[in-house]
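Biologist: I should like to learn how the sheets and the domain contact of a protein model are read. May we go through one case together?

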Amino acid sequence: MSTGADAIKVMKQQVGKAAADRVQSGSIVGLGTGSTTAYAIQFLGDRLKSGELTDIKGIPTSFQASVLAKQYGIPLTTLDEVDRIHIAIDGADEVDPQKNLIKGGGAAHTREKVVDSLAELFIVVVDQSKIVTALGSTFPVPVEVLPMAIAPVTRALEQLGGKPELRMGVRKDGPVITDQGNMVLDVTFASIPNPAELEKILNNIPGVLENGIFVGVTDIVLIGEIQDGQPVVREM
Ligand code: 5RP
């Protein structure tokens with residue numbers, strides 16, 4: 001197995017497949033966002049097409065997830081129509097030893113937190129590069145903010161010791177606009193000694209919709225790794 005981009009792709013595919021394999025017929029499935037979850041959605045579609053899996057409905061966490069679900073033939077539903085989510089599969093940008101997460105690399109963390117928190121079984125799918133000893137060591141905390149409150153929220157985050165940076169679009173001038181029409185501040189903290197406390201403090205700033213710290217939500221972490229040149233999936 002070569003290293004670099006190819007290896008990461010294989011790890012993401014394997015872990016996406018391993019999560020999709022855990023979905024049972026008749027389930028309501030939370031469909032996460034990102035390149036790893038995209039493989040899980042693809043494999044769910046394959047299982048439906050082969051007839052091995054029947055009667056599932058997806059709840060997408062983003063526009064991207066709903067586009068992929070439609071592409072791979074997964075029927076969709078909404079939280080208005082169902083009263084439970086049996087299982088959710090989603091990626092993460094960082095996973096700590098307590099299975100706390102930083103999410104929001106795709107600016108979808110607000111809907112992701114709604115869906116992932118409601119799921120009776122929440123499976124996180126990551127490649128080995130996402131495993132950290134402490135949150136915030138490799139990735140800033142994404143904070144979704146109402147556009148009219150960007151200036152006061154930026155000041156409040158600086159007063160908390162964070163370094164907020166407005167997330168800018170790629171191949172689009174100006175800031176990233178979320179599926180809800182808001183903006184994202186990526187906030188770097190020197191350290192995050194208490195993720196649960198920081199999650200609450202950030203969400204208490206007027207104008208903040210949601211932040212990307214997920215505490216106590218994860219049930220299972222599946223990690224795609226390369227061992228002895230071969231892709232393997234292990235459970236954390
Ligand atoms: C989107 C997310 C993604 O799940 C996270 O960024 C991981 O993405 P990828 O699987 O592409 O590395 O939180 O908001």
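Modeller: Let us begin with a sheet. In this predicted model, six strands form an open sheet with mixed pairing, and their order is 2-1-3-6-12-13.

Biologist: Which strands stand at the edges of that sheet, each with a single partner strand?

Modeller: Strand 2 (57-60) and strand 13 (230-235) hold those places; each has a single partner strand, so one side of each is left without a neighbour in the sheet. From one strand to the next, the twist averages 20°.

Biologist: How do strand 3 and strand 6 run, and how many bridges join them?

Modeller: Strand 3 (residues 85-90) and strand 6 (residues 119-127) run parallel and are joined by five bridges. For isoleucine 85, the bridge partner in strand 6 is alanine 119.

Biologist: Which strands does helix 1 touch where it packs on the sheet?

Modeller: Helix 1 (residues 5-20) touches strand 3, strand 6, strand 12 (220-227) and strand 13. The direction of helix 1 makes about 140° with that of strand 12.

Biologist: What is the order of the strands in the antiparallel sheet?

Modeller: That open sheet has four strands in the order 8-9-7-10, and the pairing is antiparallel. Strand 8 (163-166) and strand 10 (208-211) are the edge strands, each pairing on one side only. Here the twist averages 30° from one strand to the next.

Biologist: Over how many bridges do strand 8 and strand 9 pair?

Modeller: Strand 8 pairs with strand 9 (residues 183-188) over four bridges, in the antiparallel sense. Glutamate 165 has aspartate 186 of strand 9 opposite.

Biologist: What do helix 4 and helix 5 touch on this sheet?

Modeller: Helix 4 packs on the sheet against strand 7 (141-145) and strand 10, and its direction makes about 65° with that of strand 10. Helix 5 (residues 150-159) also packs there, touching strand 7, strand 8, strand 9 and strand 10. The angle between the directions of helix 5 and strand 9 is about 15°.

Biologist: Let us turn to the domains. What are the bounds of domain 1 and domain 2?

Modeller: The domain assignment gives domain 1 as 4-131 + 216-235 and domain 2 as 141-208. Over C-alpha atoms, the centres of domain 1 and domain 2 are 25 Å apart.

Biologist: How is the size of an interface often given?

Modeller: It is often given as the accessible area lost when the parts come together. In this case, domain 1 and domain 2 bury about 880 Å² between them, with 47% of it on carbon and sulfur atoms. Ala107, His109 and Arg111 lose the most area on the side of domain 1, together 43% of what that side buries. In terms of contacts, 13 residues of domain 1 meet 13 residues of domain 2.

Biologist: How many salt bridges and how many residue pairs in polar contact are counted between domain 1 and domain 2?

Modeller: The count is one salt bridge, and seven residue pairs are in polar contact. Helix 4 (residues 109-118) supplies four residues, the largest share of the side of domain 1 that touches domain 2.

Biologist: What is the N to O distance in the salt bridge of lysine 113 and glutamate 199?

Modeller: The side chains of lysine 113 and glutamate 199 meet at 2.6 Å, N to O.

Key:
Residues are numbered from 1 along each chain as its sequence is written. This is a predicted model: local features need pLDDT of at least 70, side-chain atom pairs count only at pLDDT 80 or more; totals for chains, interfaces and linings use all residues. Side-chain values use heavy atoms; hydrogens and water are left out. Two strands pair if DSSP finds at least two bridges between them. Helices (H or I, at least four residues) and strands (E, at least two) are DSSP runs, numbered from the N terminus. Axes are lines fitted to C-alpha atoms, for helices over the stretch in contact, and angles run from 0 to 180 degrees between N-to-C directions. Contact means heavy atoms within 4.5 Å. Domain bounds come from an automatic or database domain assignment. Buried area is the accessible area (1.4 Å probe) that two parts lose on being put together, summed over both. A salt bridge is a side-chain nitrogen of Lys or Arg within 4 Å of a carboxyl oxygen of Asp or Glu. A polar contact is a pair of N or O atoms within 3.5 Å; within protein, one must be able to donate a hydrogen and the other to accept it, and residues adjacent in sequence count only if both atoms are side-chain atoms.
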